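Got your viewer open and ready? Let's take a walk through this structure together, one selection at a time.

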Amino acid sequence: MIREISVKGLRSPELLVASVLNKMKDGLLVIDTDGEHQIKPIKDIASKMNYKVEVENNTVKIHVGKIEASKSINVVGATCPGPIIMVSDILEKMEVGELLEIIASKNALTDLTEGLKGIGHEILSVEELEDGNYKILVKKGEKKEEGPASVNIDEVFIINTTGTGNAERAYSTFMMADIAQKMKLKPTIFLMLDGASLAQKGECDKVKHPVFPKLSELVKGVLNSGVKIYVCELSAEFRGINQKNLEEGFEIAGAPTFFNYLSKPNVRPVWL
Amino acid sequence: MDIKELGKKLEELLELEYPAVGVKLAKSEDEVPKEYEELEEPIRHCEMIQIARKEGKKFYAPLDKHSCKGGAYAIGILQNPPEPLATGKLYYKLGNFETEEGAVKTVEAIPKVKEKIYASVYAPLSDTDFDPDSIMVISSPKKGLRLVQALLYKEGGRFQADFAGIQSLCADAVAAVKVRGVANATLGCNGSRKYAHIDDGEMVFAFPSSDLENIVKALEHFKEIWG
Amino acid sequence: MNTIISLISLAVLFGSMLSGFAIFRLTGMRLMPHFIVLILAFVFTLISMVISNSIVFYISIVLQILAPITICGTICNILKTQFQNSGIYSAHLGFMGMLLILAIGNFLIN
């Protein structure tokens with residue numbers, strides 16, 4: 001069972017959350033909050049009650065117990081865009097609000113979570129299994145219909161297609177991410193085509209312009225500040241880059257992640 | 001003990017003038033008890049509660065029988081409300097808030113049933129034929145006090161009520177209880193005071209049916225010790 | 001005959017210095033050892049044509065062979081991971097191929 005509540009505007013949200021949790025025997029409690037001042041007491045009370053808590057933006061998810069999915073699918077082994085197509089086909093036949101359990105490998109994880117969110121479904125939980133695969137629980141949502149309302153641009157999607165062979169563009173990719181953060185624009189980096197070369201272990205270590213720090217140092221800085229760096233799965237595969245020689249902190253993703261970012265109204269793409 | 005019996009006991013123990021009301025939000029026609037009739041003329045959700053409470057009627061109301069869009073929207077019956085209602089700007093125009101931002105902020109925080117509801121079903125609790133999503137007791141604050149004490153009797157804690165003076169019997173007393181699964185109290189709103197005639201001395205308590213048995217047990221206990 | 005081959009090598013070296021410089025800028029001053037070997041090869045080839053000294057001649061031949069070898073590791077990886085850009089490197093690669101054959105030929109004919 002999934003219970004979704006809002007504690008917006010409440011002075012003591014933890015009191016309400018505790019009452020709700022007391023009555024829940026299993027499932028997931030999803031709480032919409034006003035922000036950090038409400039999230040903290042909620043997290044505290046949930047931890048006190050020994051529940052696992054996840055926070056995403058202003059939403060807190062408390063795992064009370066098992067959640068029964070009405071359907072399940074295993075997409076381990078399929079490569080981009082296979083998993084999202086297989087999952088979308090199943091979701092198409094399901095009712096809004098129904099739950100689907102997906103077992104996927106690491107390669108497809110970001111694509112599925114980002115891609116499905118982009119289509120309007122809700123990712124309820126992601127759990128790493130003992131065999132290294134992941135269990136994703138998705139709630140079928142309704143198709144997103146957004147009106148022509150004006151939206152503030154608060155994210156940039158920096159796409160590098162040239163790689164280490166073009167040092168200036170490579171440097172720009174990570175410098176722009178840094179500057180964007182300082183301007184309160186959330187950056188996300190996507191490496192595709194030749195850009196995927198930046199993801200090869202040790203590759204950015206080899207790029208050093210006399211007047212700039214090593215490229216790898218910039219990359220580390222950007223990663224440490226929480227910026228996501230995605231690498232196109234197919235571009236990586238074309239270039240012999242896989243989980244084994246992938247630079248630490250980089251994540252393999254694919255077309256669904258790419259298009260999800262490009263279709264967000266609050267995101268501007270930067271092509272390099 | 002079934003709900004009807006518990007409902008009767010609740011009435012007796014709290015010495016209610018009118019019965020408590022059970023409200024169910026039916027997702028489809030199949031969830032509406034067969035013998036229940038559709039309401040004839042469109043009225044407000046809060047007025048429907050009073051019909052069940054004061055006239056003892058059992059009935060249901062789909063979208064076209066809800067004349068208050070705010071109420072129908074809060075309980076999931078109306079899915080695409082007019083823009084001023086959905087954003088909250090309506091309540092700024094009605095004079096409830098100094099700024100439009102205040103109105104928007106309030107409406108954003110109002111409990112709401114997100115899933116699509118086919119109809120709302122009403123019956124006096126002592127004669128109900130369904131498992132209600134919310135049980136509503138409209139009473140004096142003194143009787144409310146006993147009810148809150150009964151709610152806390154088994155597990156303790158604090159009773160927390162939240163309301164904003166708008167969308168009261170719909171959002172605070174039905175949507176909040178259904179969505180959260182816990183009790184709430186509310187003071188009514190302009191509409192429910194004016195059109196549904198909630199008396200000046202009355203306030204509204206609502207709780208899920210899962211609390212009913214514990215409440216009745218606690219009230220019996222209180223009766224024994226406090227008379 | 002050797003002088004003519006050396007002259008062609010010198011021309012190829014000069015051409016590859018220019019095409020190499022373009023790549024040098026593009027890749028952010030990478031391949032520094034290769035660029036140094038290229039300059040040294042150019043200097044020694046020029047000197048070997050002016051003064052008749054066999055040590056200088058052999059040094060120039062060694063440098064001419066070393067120059068293409070010093071790019072192998074980097075260029076192989078670049079061609080593996082950045083083939084969309086391979087056109088940029090093709091002129092320089094062509095020069096390096098010619099230089100290697102000219103150097104071996106010059107050595108054998110001598």
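Here is a tour with a few stops in each chain. Before you click on anything, keep in mind that this is a predicted model.

**Stop 1: a sheet in chain A**

Select residues 2-6 of chain A, which make up strand S1, and residues 52-56, which make up strand S3. They belong to an open sheet of four strands, and its order is S1-S2-S4-S3 with mixed pairing. Which strands stand at the edges? They are S1(A) and S3(A); each has a single partner strand, so one side of each has no neighbour in the sheet. On average, neighbouring strands here are turned by 20° against each other, if you ignore direction.

Now pick S2 (residues 28-32) and S4 (residues 59-63) of chain A: five bridges link them, and the pairing is antiparallel. Zoom in on A:Val30 and you'll find A:Lys61 of S4(A) standing opposite.

A bit of background helps here: strands of a sheet pair through backbone hydrogen bonds, either parallel or antiparallel.

**Stop 2: another sheet in chain A**

Stay in chain A and look for the open four-stranded sheet with the order S5-S6-S8-S7, where the pairing is mixed. Its edges are strand S5 (71-74) and strand S7 (122-128), so each of these has one side left without a neighbour in the sheet. Neighbouring strands in this sheet are turned by 20° on average, direction ignored.

Next, highlight S7(A) with S8 (residues 134-139) of chain A: they run antiparallel and are joined by six bridges. Find A:Glu122, and opposite it is A:Lys139 in S8(A). Then add residues 106-119, helix H4 of chain A, which lies across S6 (99-104), S7 and S8. This helix runs at about 10° to S8(A).

**Stop 3: over to chain B**

Select the whole of chain B and you'll have 10 helices and seven strands in view. How many of its 227 residues count as buried? The share is 50%. Among contacts in chain B with a separation of 6 or more, 73% are between residues 24 or more positions apart.

Now narrow things down to residues 21-26, strand S1 of chain B. Is this strand mostly covered or mostly open? It is mostly covered, with six of its six residues buried. On one side sit B:Val21, B:Val23 and B:Leu25, and on the other B:Gly22, B:Lys24 and B:Ala26.

Add the strands that pair with S1(B). S4 (residues 119-124) of chain B runs antiparallel to S1(B) and is joined to it by six bridges. S5 (residues 134-139) of chain B is antiparallel to S1(B) too, with three bridges. B:Val21 is a good place to zoom in, since you can look for B:Pro124 in S4(B) opposite it and B:Met136 in S5(B) opposite it as well.

**Stop 4: a helix pair in chain C**

In chain C, select residues 54-81 (helix H3) and 86-109 (helix H4); their axes come within 9 Å and cross at roughly 150°. Angles over 145 degrees count as roughly antiparallel, and therefore so do H3(C) and H4(C). Their crossing is left-handed. Show the side chains where they touch, including C:Ile61, C:Ile65 and C:Ile71 of H3(C) and C:Met96, C:Leu99 and C:Phe107 of H4(C). The residues of this contact are 14 nonpolar, three polar and no charged.

**Stop 5: where chains A and C meet**

Finally, show chains A and C together. The contact takes 16 residues from chain A and 11 residues from chain C. On the side of chain A, you get four nonpolar, eight polar and four charged residues.

Notes: Residues numbered from 1 in each chain as written. Chains lettered and ligands numbered in written order. Predicted model: local features only at pLDDT ≥ 70, side-chain atom pairs only at ≥ 80, totals over all residues. Contact = placed C-beta atoms within 7 Å. Nonpolar A, V, L, I, M, F, W, Y, C, P; charged D, E, K, R; others polar. Helix = DSSP H or I, 4+ residues; strand = E, 2+ residues; numbered from the N terminus. Buried ≥ 20, exposed ≤ 12 C-beta atoms within 10 Å, placed from the backbone. Pairing = 2+ DSSP bridges. Axes fitted to C-alpha atoms, helices over the stretch in contact; angles between N-to-C directions. Parallel < 35°, antiparallel > 145°, perpendicular 65-115°, else oblique. Left-handed = near helix turned anticlockwise from the far one by under 90°.
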